[in-house]
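Colleague: Before I build anything on this model, please take me through its geometry with the cut-offs stated.

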Amino acid sequence: MSPNGLTPRDKLESIAINLWWTWDPEARALFRRLNPEFFRAADNNPQAALATAKDDVLNDSAFQDAVDAVYARYRDYMERDPQVEEAPDIGYFCMEYGLHESLSLYSGGLGVLAGDHAKAASDLHLPFTAVGLFLSEGYFRQSFDANGWQEATHPVLDSAKHPLSLVLAPGGDPLTVPVHVGTRTLQVRAWKLALGHTDLYLLDTDFDANPEEYRPLTRRLYQGGDHERIRQELVLGIGGLRLLRALDVEPDVYHANEGHCAFLMLELMRERLDAGLDQAAAEQWVRDRCVFTTHTPVMAGHDHFHPDLFSEAIAGFRDQIHLSTHDLLSYGRVHPDDPDETFTMTVLGLKLSRAANGVSELNGHVARQQWQDLYPDRSLDEVPIDSITNGVHLPTWTAGPARDFLDTHIQVDLTERQDADDWARLADLSDEVLWRYRSQLRTRLVTYVEAKVQAQSLPMHPALDPDALTIGFARRFATYKRAPLIFRDRERARALFADPERPIQLLYAGKAHPDDDAGKRFIQRIYEISREPGFEGKVIFLEGYDMEIGRMLTSGCDIWLNNPRRPLEASGTSGQKVAAHGGLNLSVLDGWWPEGYTGNNGWAIGPEPTGDYGTADPEVQDEQDAASLYTQLEESVIPTFYDRNADGLPEDWIDRMRAAMAELPPAFSAKRMVLDYVNEMYRTDG
Ligand SMILES: *Cc1c(COP(=O)(O)O)cnc(C)c1O
């Protein structure tokens, strides 16, 4: 018992209810030590470890000292002063949040980005409230049949086993807000998650106040048809805003991250109309307070709804807002009087916000092209869509051993503001120190993969070499990302994998959307290749891509491979996670990489991007990019890795590591990104 009366268990319990612990590697390690098997079996959930904690661990004095240190750091963090002066109050809306592998509230990059954004907002101690959906069945859990064909199951989240608290009204009953879906009035309740200083509210229709057929609305991410989707989005946008009002939260600025949540802008309109403003004044009021981010470089990828479906779904709300169906449709149409035009959420977001952005410079350019018709009086360059390039939350994505390494060599606190000069000092480290670091992280990954694949349904028999050039590819298996591109010329690829002198190994992970058979065929093809001579044991598919696998792969791989069909990768963030670990990107110049690549801090695939993006014939693009990928591997990447000096060190490789480590992490961090949002989007004088 410590002087303040808290036992080590009390302290751990109070740490476990705030997801701050997910970005503190020592907190993570403490929970694991309590009961490693149960922790791992529950997707690294601390509640599972606490429920089965071993007494000899809790009573160990060294363990208790470590708990005291982490607890003190947590208290310090929570009491830290705001790091941005006179920051506006921000309401942040997104459909999905990637926070930790124990909470499957995400499908991929958009969610992980939103989670990273909210965590960085907490690190900066911004007044920031986030809103999303309580996706009790998440996206899906991946498994495989005997032919390597992906199957989906939907384990149900048990709120009692997570730090989720039901939001209560003053009387003690669950707080609910009404949302009209079609002509029905649903009740929406909310669960709260604490992310450091940031509160995240997750909306839920799955309880007995609602008719059976409406209860599943908020259960699953991106499943069901348009009919379910528009209803889910009404709950998110309208329900989300009503919840904030019920909690007395009045943000100065509302950030709609992607179109899914843009109905919030119509609810803001309704409030102003109710308060007596006319339609034009209400629009202006809303526009003055909303900002919008688009991530979608494919026109068909923007959520859009048939006008009949829209008017059916909006019927109840229309009676509250007292606008005509035509007026409501107009907010989501480029040409309001075209009766065939669908209602597009991105158009709504653009029309009712004061500022909009894409998520990389290239993506901003593509977005201006996509939406130029909305601004007929403006030239392409004047289309009011800017860009803020995505970044990653370094405390979340920097592996424990890498945090120790950074602490030893450059003393940066990743949760505090740092500048580029701190990172630049990494360039002074010796070849030997840097190579030892790289080898340590690669070895750790190899050990992890060998154990991890034992538990999966897709059979894998890794024969990995902890000293071999290790390439990673993990992301959603959307076909534009072209996961099997490296096997386009099977024999040329086999020659690389089968070379006993200069071995390479390739680790894959990723999920295909349950309706995407082409994506599932990609995984199946990789599985088949992984059993062929030459590739066997060296091409490994890790099942169940989640944030843990993401952390392990991005920290351990030497090369992070990314070969999307340009310009379809809006930003991509997984490649940003590798840099602090001395990993190097080998990537098409798409998304963030044209801004990161300097010529000596990684490699580029494919021809220089020119004039009209995305107009190339896909077959031609695939052929050119595959040829370039082989050339880079054969002539540069593999020789550079294996060209060793008298001390056994690959000097040129380490030079590239040095450049990547010194330059990329601060430039592509979520902290930089959120500060850009504050200065360029959230502040009215921005
Ligand atoms: C980082 C991350 C992503 C995003 O990766 P992209 O490069 O943007 O495709 C998706 N899923 C998980 C689990 C991640 O960790």
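The questions and answers below go from the sheet and the helices to single residues.

Modeller: The model is predicted, so to speak of conventions first: local features need pLDDT of at least 70, side-chain atom pairs count only at pLDDT 80 or more, and totals for chains, interfaces and linings use all residues. Residues are numbered from 1 along each chain as its sequence is written, and side-chain values use heavy atoms, with hydrogens and water left out.

Colleague: What is the order of the strands in the open sheet of six strands?

Modeller: Helices (H or I, at least four residues) and strands (E, at least two) are DSSP runs, numbered from the N terminus, and two strands pair if DSSP finds at least two bridges between them. On that basis the pairing in this sheet is parallel, and the strands follow the order 17-16-15-18-19-20.

Colleague: Which strands stand at the edges of that sheet?

Modeller: An edge strand here has a single partner strand, so one side of it is left without a neighbour in the sheet. The strands that fit this description are strand 17 and strand 20 (602–605).

Colleague: Which residue in strand 18 is the bridge partner of Gly-472?

Modeller: Strand 15 and strand 18 (residues 559–562) run parallel and are joined by two bridges. In strand 18, the residue that partners Gly-472 is Trp-560.

Colleague: At what angle does helix 26 run to strand 19?

Modeller: Axes are lines fitted to C-alpha atoms, for helices over the stretch in contact, and angles run from 0 to 180 degrees between N-to-C directions. Helix 26 (residues 651–667) lies across strand 15, strand 18, strand 19 (584–588) and strand 20. Its angle to strand 19 is about 85°.

Colleague: Are helix 7 and helix 27 roughly parallel or roughly perpendicular to each other?

Modeller: The axes of helix 7 (residues 109–123) and helix 27 (residues 670–682) come within 9 Å and cross at roughly 80°. Residues that meet, with contact taken as heavy atoms within 4.5 Å, include Leu-113 and His-117 in helix 7 and Val-674 and Tyr-677 in helix 27. Angles under 35 degrees count as roughly parallel, over 145 as roughly antiparallel, 65 to 115 as roughly perpendicular and the rest as oblique. The two helices are therefore roughly perpendicular.

Colleague: Which residue in strand 4 stands opposite Phe-144?

Modeller: Strand 3 (residues 141–144) and strand 4 (residues 150–153) pair in the antiparallel sense over four bridges. They form a hairpin with five residues between them, and Gly-148 in the turn has a positive phi of about 75°. Opposite Phe-144 stands Gln-150.

Colleague: What is the distance from centre to centre in the aromatic pair of Phe-477 and Phe-541?

Modeller: Rings of Phe, Tyr and Trp (its six-membered ring) pair if their centres lie within 6.5 Å, and planes under 30 degrees apart count as stacked, over 60 as edge-to-face and the rest as tilted. A search of the whole structure finds 29 such pairs. This one is edge-to-face, with 75° between the planes and a centre-to-centre distance of 5.8 Å.

Colleague: How many residues apart are Phe-477 and Phe-541?

Modeller: Phe-477 is in the loop between strand 15 (469–474) and helix 20 (490–497), whereas Phe-541 is in strand 17 (residues 539–542). Ring pairs link both into a cluster whose members include Phe-144 and Tyr-508. Along the chain the separation is 64 residues.

Colleague: Is Glu-233 buried or exposed?

Modeller: Buried means under 20% relative accessible area, exposed over 50%, and partly exposed in between (1.4 Å probe, protein chains only). Glu-233 is found in helix 8 (residues 226–246), and its contacts beyond four places in sequence include His-260, Asp-303 and Met-345. With a relative accessible area of 0%, Glu-233 is buried.

Colleague: What separates the C-alpha atoms of Ser-14 and Tyr-71?

Modeller: Ser-14 lies in helix 1 (residues 8–16) and, at 24% relative accessibility, counts as partly exposed. Leaving aside neighbours within four places in sequence, Ser-14 is in contact with Tyr-71 and Tyr-74. Ser-14 and Tyr-71 are 57 residues apart along the chain, and their C-alpha atoms are separated by 8.7 Å.

Colleague: What is the omega of the cis peptide bond that joins Arg-566 and Pro-567?

Modeller: Most peptide bonds are trans. Pro-567 has its place in the loop between strand 18 and helix 23 (574–578). The bond joining Arg-566 and Pro-567 is cis, with an omega of about 5°.
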